[in-house]
Amino acid sequence: MVPPQAVGGAPRLRKVMILAGEASGDAHGARVAHEIRRRWPAVEMVGLGGEGMVRAGVRVLSGLDELAVMGFVEVVRRLPFFRRLERRLVRLLKEEPPDLVIPIDYPGLNLRVAEHAARLGIPVLYYIGPQVWAWRAGRAERLARLANRIAVILPFEAPLYRTHGGRAHFVGHPLLDEEVRAEPGSLARGLGIEPERPVLALFPGSRAQELRRHTAPFIATARELQRRLPDLAVIVSKVPSLADTAYRPFPFPATEDAHSLRALATAGLVKSGTSTLEAALAELPFVVTYITHPATFFLARRLVRVPHVALANLVAGERVVPEFIQRDMVPGAVADALEPLLDRSSPEREVMVAGLRRIRHALGSPGASVRVVDLAEEVMREAEAGAGNR
């Protein structure tokens, strides 16, 4: 007997678990949750995430303030918490099983939960698979074995998973789905910045530990550039998930309007991560940096197998933007790389902007969340067909 169908012929979906562990995953999860709700209005959604997923109707069991941990050393310190959380999620899978589990990135926890779901016969659609092209390639085979579908957001990832038997699909990058409302003029007026002044934007990170490590070198770099360019304005991008007190050491104005800041800025100093793709999509010339715990960096240098650290450079397949990682993050050297980018007529800036446009083209077209939920429908149809054949 085939299970009853939802209105319009869509497969039945009563409950879904969505698991995000950081700010970008929360944003991507919120868009997926909105699309799920549009297709299945009565669906129950539960999982991990932040305010975005809460607003999208997800009952969140643990928030980003507890989950946003990065680096080997930092994760080890929080292992007891993650073990407790894993046990709680597994208990939920057993006692109140969802029809579908959608883990979003965050592989340390999500791969383990996905494995439990697969053992229990619960379909898994993994969105933003682990970066197996960088390190721990064995995860590709593991995920291929347990996931019904793998939705990837970088164009070169799907073939890597398919070689291990994974049913991987490039859905485009979810950043292309963001509704960008940039008002650079309003931001400049609010901060008292004249239109002709060059502006350096600082993007030091969305996690407390990132901010602590980047604050001093970001300030030193900006100060060095202001020494060379006395008219330079500097603005810090801050995130609502961190308290205002975290930004007090910065002697510059700050804003939560990152879109307007990227549109206003002449150049940016950006920590490695998704923020490099956001800068690329805004065609903001920038320099990348990242500083982590020394032990984490020591291990990463021996395990990670990539020619570039910045996602923007990985997508481009070339060094479009300069990278200054760990000890290479010397304020004078970073200032040297940024100075020509603050000149709107410089050849260095022109070459970089052309490279940023190539990155945008490589990221696909808008509609990632819709394609992810299309894959969810495929998975649910297969589950229903399997149930009907038993």
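How much area does the protein chain expose, and what share of it do carbon and sulfur atoms supply? The protein chain exposes about 17400 Å², and 53% of that comes from carbon and sulfur atoms; the area is computed by the Shrake-Rupley method with a 1.4 Å probe, and for residues only the protein chains shown count as cover.

Welcome to this predicted model, in which local features need pLDDT of at least 70, side-chain atom pairs count only at pLDDT 80 or more, and totals for chains, interfaces and linings use all residues. Residues are numbered from 1 along each chain as its sequence is written, and side-chain values use heavy atoms, with hydrogens and water left out.

**The chain as a whole**

The protein chain holds 17 helices and 13 strands (DSSP runs numbered from the N terminus: H or I of at least four residues for helices, E of at least two for strands). Of its 390 residues, 53% are buried (under 20% relative accessible area; exposed is over 50% and partly exposed in between, with a 1.4 Å probe and protein chains only). Among contacts with a separation of 6 or more, 68% join residues 24 or more positions apart (a contact means heavy atoms within 4.5 Å).

**Helix α5**

R84 sits in helix α5, which covers residues 79–95. R84 counts as partly exposed because its relative accessibility is 49%. E86 belongs to helix α5 too, but E86 counts as buried because its relative accessibility is 8%. Beyond neighbours within four places in sequence, E86 touches L109, R112 and H116.

**Salt bridges**

The whole structure contains 31 salt bridges (a side-chain nitrogen of Lys or Arg within 4 Å of a carboxyl oxygen of Asp or Glu). Here are three of them:

| Pair | Closest N and O atoms |
|---|---|
| E194 and R197 | 3.6 Å |
| E210 and K271 | 3.3 Å |
| E283 and R357 | 3.2 Å |

In the E194 pair, both partners are partly exposed, because E194 has 38% relative accessibility and R197 has 22%.

E210 forms a salt bridge with K271. E210 lies in helix α10 (residues 208–228) and K271 in strand β11 (residues 267–271), so this pair ties together parts that are 61 residues apart in sequence. Both E210 and K271 are buried.

The side chains of E283 and R357 also meet in a salt bridge. This pair links distant parts of the chain, 74 residues apart: E283 is in the loop between α12 (274–281) and β12 (286–290), and R357 is in helix α16 (residues 347–362).

Finally, a network of salt bridges links E35, R38, R39, D374, E377 and R381.
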